[in-house]
Amino acid sequence: MSFQGLISGSECAAPANPLSQVLKHTEGDRSLQQDRVSGPSTSRLHQLPGSSSSAPATEHDLALARQFFEGNSSGPGMSSGYTMQYPPELARMSEMSMNDRPGMSDVWALEQQQQLRALEESAAKGAWAAEFGNAPQQSSSGPSIQHAMPGGQEFQQQRSSFMPMYAGSMPVAMYGLSSPMQYGINANFTAVDHGKGKAREADFEAAFAKIAESLGPEETQTSRIEEVDERVTEIEEKLKNATLNAGEDEDLNFQKVWDQLQNSDLPPPKEDMAKWEAEFSQLMNAQREELEDYGTNMQKAWEGGVGDYAGPSQGVKFDGEGIPILGDYLFEKNNKYLESESRSYLSDAKQLLESNGSLSEAALMLEAAIQRGELGEGGFETWILLGETRNMDEREEAGMRALLEGVRIAEQAGAPGAGMLSLAISFTNESYDRASHTMLVRWFKAKYPGVPIPEETAKSIGTNSSWDTHERITHLFMEQARSQHGQDQMDPDLQIALGVLFYTNGDYERAQDCFVAALNVRPKDYLLWNRLGSSLSNGSKPEEALGAYREALQLRPTYTRAIYNVGVACLNIGADKEAAEHFLSALSLQESTNGDTSDQLWFTLRRALLSMNRSDLADLAKPEAKSNLDVFRREGLDF
Amino acid sequence: MSDDIKAPGFKASELIAGLESAFSKYSDAEKQSQIKKTNGIFDLQVSNDAKETVTWTIDMKKTGTVYKGKAQPKADVTIILADDTLLDLASGKLNGQKAFMTGKLKTRGNMMLATKLDTVLKGAKAKL
């Protein structure tokens with residue numbers, strides 16, 4: 001493959017050390033000029049014999065390889081040093097362009113050169129080591145290049161999604177690669193000129209840091225500054241020398257890694273390269289947009305004094321794996337069970353649940369049990385039961401908090417798996433897709449400890465978007481389901497998990513199949529009937545959904561969530577009055593325990609009342625209004 | 001008020017107007033809970049068959065409103081799609097990912113947020 005040829009460089013006229021060849025590329029994508037002007041090494045790359053590979057693929061490979069080299073050789077070493085040390089220099093640079101004294105630039109450039117050399121030597125070493133530290137271990141596994149690439153994570157993250165759409169415009173995007181960044185930097189430089197003067201240097205430093213941050217390590221390359229300004233070009237030249245000098249020091253380290261890369265028999269497949277290519281260009285385009293906006297924004301901010309920046313975010317915070325950070329479970333005040341005497345609230349609650357008692361009542365008992373330290377098996381049983389009860393009672397937020405606590409304790413107690421599926425479902429309902437995926441994978445790990453999870457999949461959870469992880473996880477779960485099927489087994493829990501996965505992605509028909517399969521094993525599981533129902537309902541089959549909900553409610557008449565879902569189905573059919581009545585009956589069920597009611601129920605009730613053109617009633621239907629439900633009864637709503 | 005937000009020649013006008021009126025009737029608590037869940041400003045750059053383009057903004061970060069025109073000060077994500085695609089997304093015929101994969105939907109900015117568009121556009125949803 002052409003990529004191999006590029007790496008080994010054996011037939012090139014360039015020096016034997018491939019590194020020097022690589023370094024040629026560090027100053028920017030000059031490939032077009034080099035094609036015409038310089039030696040055989042680059043021109044050869046463009047005119048590879050047609051027999052070795054098809055033309056378009058070669059083009060892509062080359063472009064990719066070029067990016068790869070650029071990114072590796074100049075990117076990390078410079079970017080870290082550059083970001084930190086340059087703002088003052090840049091500010092000076094702009095001042096100088098104002099003064100425009102010809103003699104000075106030479107002196108200054110010399111000074112710069114020395115500084116640069118020092119900077120290069122110190123910064124580059126660390127960066128090289130960090131950059132390539134991972135490579136040796138990975139070189140044996142397939143596409144090792146992918147790991148070594150800076151920003152590789154981002155590429156993976158969007159790999160699946162970008163590919164089909166950008167495939168068509170790839171060659172164009174490829175050549176456009178370097179220009180967007182130049183524009184971006186240009187904008188910043190203009191801004192500097194506007195903001196000369198001491199007081200503004202600080203502003204600029206902040207701005208620069210911000211830009212550098214938004215660019216990410218792989219874009220902050222010296223190469224991009226090349227055409228910004230004549231003086232910068234000068235520095236650029238010096239820089240090149242500096243890079244080459246410093247490069248020799250790195251030869252040893254680099255050579256090692258390089259050899260390993262070369263010896264790897266498995267070059268990355270062509271499709272991957274094309275994907276990276278497409279994704280990269282997409283990323284660059286996105287960055288350019290950001291930069292343009294940023295440039296104008298910054299200018300406005302300077303002109304108008306203090307900028308109007310976004311205040312503190314009101315959104316939910318997430319941890320590294322996308323799990324929402326919700327805080328502690330909030331116990332209900334005035335829990336009547338705290339005062340009364342009972343042997344065991346846990347067993348009382350279980351009994352109540354068995355006998356179809358009120359869910360809110362059972363939840364209060366479980367809360368009392370926890371507050372009295374009766375945590376059940378492993379210290380997590382009561383928490384998880386409380387969470388599941390809350391969810392059934394259409395109290396998702398409370399349910400999630402309790403389940404999060406339960407899952408945490410279970411993991412600490414060395415019994416992971418408990419409650420995870422319920423929690424994943426809860427996340428799905430709240431559209432926390434990443435959290436749902438994370439939890440499903442954790443559940444899978446706990447449930448099938450013998451089944452290896454591909455490293456890529458495990459890694460993608462922390463970094464990639466839910467669109468990407470969904471595909472990976474679905475694949476993992478499907479494989480497991482297939483292998484079980486091969487052994488004539490069927491794990492209903494695995495089917496549920498798969499159903500949830502399809503459901504997250506709006507693939508409701510396949511979700512239905514999964515829930516039906518699980519129902520064949522557990523026909524008395526009202527939770528499953530409800531899940532089948534909501535897959536039907538969200539899949540635009542609300543009429544059929546009602547049948548499934550009916551099954552659920554026959555098995556469990558106090559199942560608030562199923563009642564809520566019936567209301568939603570009615571709402572989607574257009575039976576607004578019936579919908580409102582169902583929501584009201586669910587609310588009255590909750591109210592009968594003197595406990596809190598579900599905000600979600602009130603919100604949806606309001607929606608139904610608005611559709612009925614009864615905004616007078618909708619005003620009463622606010623959770624904070626705490627209206628007596630009799631008001632609605634008097635208005636002719638029957639529940 | 002609703003008429004200002006509509007754009008002639010765009011089928012999605014009705015949808016957006018519906019969203020706007022729904023949002024305007026939200027109680028504060030509802031708004032807060034939506035904002036908490038979504039926490040993003042979306043620009044929808046919609047083009048129709050006549051190659052006209054209109055931009056609507058769904059602010060689910062600060063004000064909880066829908067309006068015509070670009071986001072002020074700045075959208076977190078810009079979603080570029082056709083009129084019909086938007087309708088399909090809202091009706092659930094198409095999900096965001098499928099639209100994205102087939103090139104019917106393009107994004108600029110924070111792509112992670114684009115995954116939440118489905119939730120914003122859709123009305124009442126059944127729960128598992």
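Is Lys6(B) buried, partly exposed or exposed, and what is its relative accessible area? In this predicted model, Lys6(B) has a relative accessible area of 27% and is therefore classed as partly exposed. Lys6(B) takes part in a salt bridge with Glu14(B), in which the closest N and O atoms lie 3.4 Å apart. Glu14(B), with a relative accessible area of 53%, is exposed.

The overall make-up of chain A was examined next. Chain A contains 33 helices and two strands. Of its 639 residues, 55% are buried. Where contacts in chain A join residues at least 6 apart in sequence, 67% of them connect residues at least 24 apart. The accessible surface of chain A amounts to about 27,800 Å², and carbon and sulfur atoms account for 51% of that surface.

A buried position in chain A is illustrated by Leu386(A), which lies in helix α19 (residues 381-392). Leu386(A) counts as buried because its relative accessibility is 0%, below the 20% limit. Beyond its neighbours within four places in sequence, Leu386(A) contacts Tyr329(A), Ala363(A), Leu366(A), Glu367(A), Ile370(A) and Ala402(A). The C-alpha atoms of Leu386(A) and Gly406(A) are 9.0 Å apart, with a separation of 20 residues in sequence.

Across all chains, the structure holds 29 salt bridges. Side chains of opposite charge can pair when their charged atoms come close. One such bridge joins Glu381(A) to Lys350(A), with an N to O distance of 2.6 Å. This pair links distant parts of the chain, since Glu381(A) belongs to helix α19 and Lys350(A) to helix α17 (residues 345-354), 31 residues apart. Both partners count as partly exposed, Glu381(A) at 21% relative accessibility and Lys350(A) at 34%.

A further salt bridge is formed by Arg522(A) and Asp493(A), whose closest N and O atoms are 3.0 Å apart. Distant parts of the chain are again linked: Arg522(A) is placed in the loop between α26 (508-521) and α27 (526-538), whereas Asp493(A) is in helix α25 (residues 492-504), 29 residues apart. Arg522(A) is partly exposed, at 29% relative accessibility. In addition, a network of salt bridges links Glu394(A), Glu396(A), Glu430(A) and Arg561(A) with Lys127(B).

Charged residues also form a negative surface patch, made up of Asp596(A), Asp599(A), Glu624(A) and Asp28(B). Within this patch, Glu624(A) occupies the loop between α32 (615-620) and α33 (630-634) of chain A. With a relative accessibility of 47%, Glu624(A) counts as partly exposed.

Methods: Residues numbered from 1 in each chain as written. Chains lettered and ligands numbered in written order. Predicted model: local features only at pLDDT ≥ 70, side-chain atom pairs only at ≥ 80, totals over all residues. Heavy atoms only, no water. Patch = residues over 30% accessible without salt bridge, like charges linked within 9 Å, V, L, I, M, F, W, Y side chains within 5 Å. Areas by Shrake-Rupley, 256 points an atom, 1.4 Å probe, with all protein chains shown as cover. Salt bridge = Lys/Arg side-chain N within 4 Å of Asp/Glu carboxyl O. Lys, Arg positive; Asp, Glu negative; His and termini not counted. Charge placed at Lys NZ, Arg CZ, Asp CG, Glu CD. Helix = DSSP H or I, 4+ residues; strand = E, 2+ residues; numbered from the N terminus. Buried < 20%, exposed > 50% of the residue type's maximum accessible area, 1.4 Å probe, protein only. Contact = heavy atoms within 4.5 Å.
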